[in-house]
Amino acid sequence: MTYENFLAVITQRVQEEMGQEYQVLLHHVLKNNATPMDGISILKIGEKASPTIYLNEFYKELLDEENLNGIVHKIKRIYETHCSQMEFQVEEFKDYQKMKGKLAVRLVNYMENQEMLKELPFRRFLDLAMICYVLVGNVGNNTASILVRQEYRKIWKVSEEELFSQAIKNMPEILQPELKSINTLIQEALSGEEAASEYEYQNGEIPMYVLTNTMHFYGAAALIYPGVVSEFAESLGEDLYILPSSIHEVILIPRVSDLEKHVLEQMVQEVNQEEVEQEEQLSDHVYCYWRESGEFTL
């Protein structure tokens, strides 16, 4: 079965499974870094919104007709789980006063997301763009969010300046920063228990620290939290290299003399090509943070 046939058949089968009280719609979506994705939304008659269930990974599971029925039932269970665990109401989304405390910012690559950015309020940061989203809750092991489009901002009747100001203000509270050394993370993985992160490092090793948020969700944006990077640099007494590991975290390295920026950039590029999914990639460039000026540079 070709992928195009799979999309058509699975949409029809899910519609038959859900019955006439529901409408099943197929969507073609460009995700982060222009990654193409296909998904369906299941709308109960009278509803205006529903989470999108992406189908690309399900196609990889397709082996035979019997397996297709299993995929249909799995999609139905995902939808039912979403409905039972989501506390989000579309009418509430129109009320800015109810949504503003859930606003946050994420970072994406500016050049790789030109089409998406045409519809979104954004601010430039290095070779990246800051965009806003609403953190609407958790579904199972996943975090649910909605990108803030220009049309939503206009419904809320707020300026872009107010939107970003509120989102950045929220973030240290709703997505608290987490900064730990690689050694600490390894220790936690081995012991299964949380360990205190130590900022001291031994001569002769490359000290590396992972900056994210406590939910590990779009955690690279912790870079723009007021005071987080500056206070860390001051605690070490060093300028910093910043390696964009993914959209969910960055790696901070003290800018010591035996490290060269171009070598680190080559490492980031190789990891992106070999290890990081296209949708998860942030940038191929390494950034610098200068302690005295408080500036980030490429």
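## Exercises: finding your way around the chain

N33 lies in the loop between β1 (22–31) and β2 (35–44). Strands are DSSP runs of E with at least two residues, helices are runs of H or I with at least four, and both are numbered from the N terminus.

Before you start: this is a predicted model, in which local features need pLDDT of at least 70 and side-chain atom pairs count only at pLDDT 80 or more, while totals for chains, interfaces and linings use all residues. Residues are numbered from 1 along each chain as its sequence is written, and side-chain values use heavy atoms, with hydrogens and water left out.

### Exercise 1: The loop between β1 and β2

Find the sign of phi at N33, then decide whether N33 is buried or exposed.

Step 1. N33 is not a glycine, yet its phi is positive, at about 60°.

Step 2. Buried means under 20% relative accessible area, exposed means over 50%, and partly exposed is in between (1.4 Å probe, protein chains only). With a relative accessible area of 6%, N33 is buried.

Step 3. Now turn to A34, which is also in the loop between β1 and β2. A34 has a positive phi of about 55° although it is not a glycine. Its relative accessible area is 37%, so A34 is partly exposed.

### Exercise 2: The two sides of a helix

Work out which residues of α11 are buried and what they pack against.

Step 1. Locate helix α11 at residues 261–274. Its 14 residues reach 20 Å from the first C-alpha to the last, close to the 20 Å expected at 1.5 Å a residue; the expected span is 1.5 Å times one less than the number of residues.

Step 2. Pick out the buried residues of α11: L264, E265, V268 and N272. They cover an arc of only 100° around the axis, so they sit on the same side of α11. The arc is taken from the directions from the helix axis to the C-beta atoms.

Step 3. Look at the other side of α11, where H262, Q273 and E274 are exposed.

Step 4. The buried residues of α11 pack against β10 (240–246) and β11 (249–254).

### Exercise 3: The cores

Which residues have the most contacts inside the largest nonpolar core?

Step 1. A nonpolar core is a set of buried Ala, Val, Leu, Ile, Met, Phe, Trp, Tyr and Cys residues joined through side-chain atoms within 4.5 Å.

Step 2. The largest one has 57 residues, and W156, L211 and L252 have the most contacts inside it. Strand β6 (residues 128–139) gives the most to this core, with nine residues.

Step 3. Follow L211 outward, leaving aside neighbours within four places in sequence: its contacts (heavy atoms within 4.5 Å) include E178, L179, A222, V229 and L252.

Step 4. A second, separate core of 19 residues includes M18, L55, F58 and V72.

### Exercise 4: Aromatic pairs

How many aromatic pairs does the structure hold, and which parts does the pair of F93 and Y152 tie together?

Step 1. The structure holds 14 aromatic pairs.

Step 2. F93 and Y152 form one that is edge-to-face, at 5.1 Å centre to centre and 90° between the planes. Rings of Phe, Tyr and Trp (its six-membered ring) pair if their centres lie within 6.5 Å; planes under 30 degrees apart count as stacked, over 60 as edge-to-face and the rest as tilted.

Step 3. F93 lies in helix α4 (residues 90–93) and Y152 in helix α7 (residues 150–156), so the pair ties together parts that are 59 residues apart in sequence.

Step 4. Ring pairs link F93, Y96, Y152 and W156 into a cluster.
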